[in-house]
Amino acid sequence: MATYIVGDLQGCLDELLLLLDKVKFDRKHDSLWLAGDLVARGPKSLEVLRFVRSLGPCVKVVLGNHDLHLLAVSLGLFKVKKKDKTAAIFAAEDKHELLNWLRHQPLFAENDEFVMCHAGISPQWTLDQARVAAREVEAILHSDEWPWLIKNMYANQPDLWSNTLQGIERYRYIINAFTRMRFCDAQGRLDMECKLPPKDVKNHSLVPWFKLQQRIKLDKTVLFGHWAALEGYEGKEVIGLDTGCVWGGKLTMLRWEDKRFFTQEALASSE
């Protein structure tokens, strides 16, 4: 039995299948964890959704920002962007089943030794706070109120966590932390604009969320995706798995038990 964790797919199904074949993935005995952004810029977003859903209980998925945006498009809040190759999803006969399945995926998944989320865990959160925050938003996503949440999640404020946050401001911060976060300033405020590699950032007040000095230390490793500019990151307490397959990089898979990485070069770039 092995546990495999993969970074952002963004419609790169062929590369995923090659990786699974490389490690001789067995859905009866192994488990596959996917760090969000199943869909968007790659060529096979529809096929990714179908394949991942077909894996049943051996797969664990967390929602990424592109997955949530797909739900927003499904509500008619936005049109499909040309660069998002997701139009086929909305023309598919099984679109309702796929979107309903996607909406019921969590923001935060947990193993005995690690946790997984798309972008990261707010520097001000303990693991217990992260669990509670995720469940709050997931409860709404799974309810009839989910269109209200999706419609109102688009903003960069509030950018600092407080236990006193309520309503949509609280939920928006939670969504942003789990699915969009990269940099924080010295006070721990989320900066949603900068997407550069840390070495290229001229604003020295910005640091990656996982390097913030006052970040609460967690007793489990955090596995995340979202940040292709990191080109992968392996730290003592955090591991970044997005290596930009959709941008012509590679798809990266970690086998947790022996901490071995497997990679598959992109077959084509969406650029």
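Start by selecting Cys184 and Val207: in this predicted model, Cys184 stands opposite Val207, which belongs to strand 8. Now widen the selection to strand 6, residues 183-184, and you will see this strand pair with strand 8 in the antiparallel sense, over two bridges.

Add strand 7 to complete the picture. Three strands make up this open sheet, in the order 7-6-8, with antiparallel pairing. Strand 7 (190-191) and strand 8 (207-208) stand at the edges; each has a single partner strand, so one side of each is left without a neighbour in the sheet.

**Cysteines**

Keep Cys184 on screen and select Cys117 too. How far is the sulfur of Cys117 from the closest cysteine sulfur? That closest sulfur is in Cys184, at 13 Å, which is too far for a bond. Cys117 itself is buried, with a relative accessible area of 0%.

Next, pick Cys58 and Cys12. Here the sulfur of Cys58 has its closest cysteine sulfur in Cys12, 20 Å away, again too far for a bond. Cys58 is buried as well, with a relative accessible area of 8%. If you were planning to set up disulfides, the count for the structure is zero. As a reminder, a disulfide is a covalent bond between the sulfur atoms of two cysteines.

**The five-stranded sheet**

From Cys58, step along to strand 3 (59-61). Which residue of strand 3 is the bridge partner of Leu32? Select Val59, and you have the partner of Leu32. Around this pair, strand 2 (residues 31-34) runs beside strand 3 in the parallel sense, with three bridges between them.

Now show the whole sheet. Its five strands form an open sheet in the order 3-2-1-12-13, and the pairing is mixed. At the edges stand strand 3 and strand 13 (260-265), each with a single partner strand, so one side of each is left without a neighbour in the sheet. Ignoring direction, neighbouring strands of this sheet are turned by 20° against each other on average.

**Backbone stops**

A word before the next selections: most residues other than glycine have a negative phi, and most peptide bonds are trans.

Go to Gln10, in the loop between strand 1 (3-6) and helix 1 (13-22). Gln10 is not a glycine, yet its phi is positive, at about 45°. Is Gln10 buried or exposed? Its relative accessible area is 5%, so Gln10 is buried.

Then jump to Glu231, in the loop between strand 9 (221-224) and strand 10 (233-234). Glu231 also has a positive phi, about 55°, although it is not a glycine. Unlike buried Gln10, Glu231 is exposed, with a relative accessible area of 64%.

For the peptide bond, select Gln157 and Pro158. The bond joining them is cis, with omega at about 0°. Pro158 sits in the loop between helix 7 (146-151) and helix 8 (167-179).

**Last stop: a surface patch**

Switch on the surface and select Leu75, Leu77, Phe78 and Tyr154. Together they form a nonpolar patch on the surface, with about 310 Å² of accessible area. Zoom in on Leu77, which is found in the loop between helix 3 (65-74) and helix 4 (87-91). Leu77 is partly exposed, at a relative accessible area of 33%.

Terms used. Residues are numbered from 1 along each chain as its sequence is written. This is a predicted model: local features need pLDDT of at least 70, side-chain atom pairs count only at pLDDT 80 or more; totals for chains, interfaces and linings use all residues. Side-chain values use heavy atoms; hydrogens and water are left out. Patches are made of residues with over 30% relative accessible area and no salt bridge: like charges are joined within 9 Å, nonpolar side chains (Val, Leu, Ile, Met, Phe, Trp, Tyr) within 5 Å. Accessible areas come from the Shrake-Rupley method with a 1.4 Å probe; for residues, only the protein chains shown count as cover. A salt bridge is a side-chain nitrogen of Lys or Arg within 4 Å of a carboxyl oxygen of Asp or Glu. Helices (H or I, at least four residues) and strands (E, at least two) are DSSP runs, numbered from the N terminus. Buried means under 20% relative accessible area, exposed over 50%, partly exposed in between (1.4 Å probe, protein chains only). A disulfide is a pair of cysteine sulfur atoms within 2.5 Å. Two strands pair if DSSP finds at least two bridges between them. Axes are lines fitted to C-alpha atoms, for helices over the stretch in contact, and angles run from 0 to 180 degrees between N-to-C directions.
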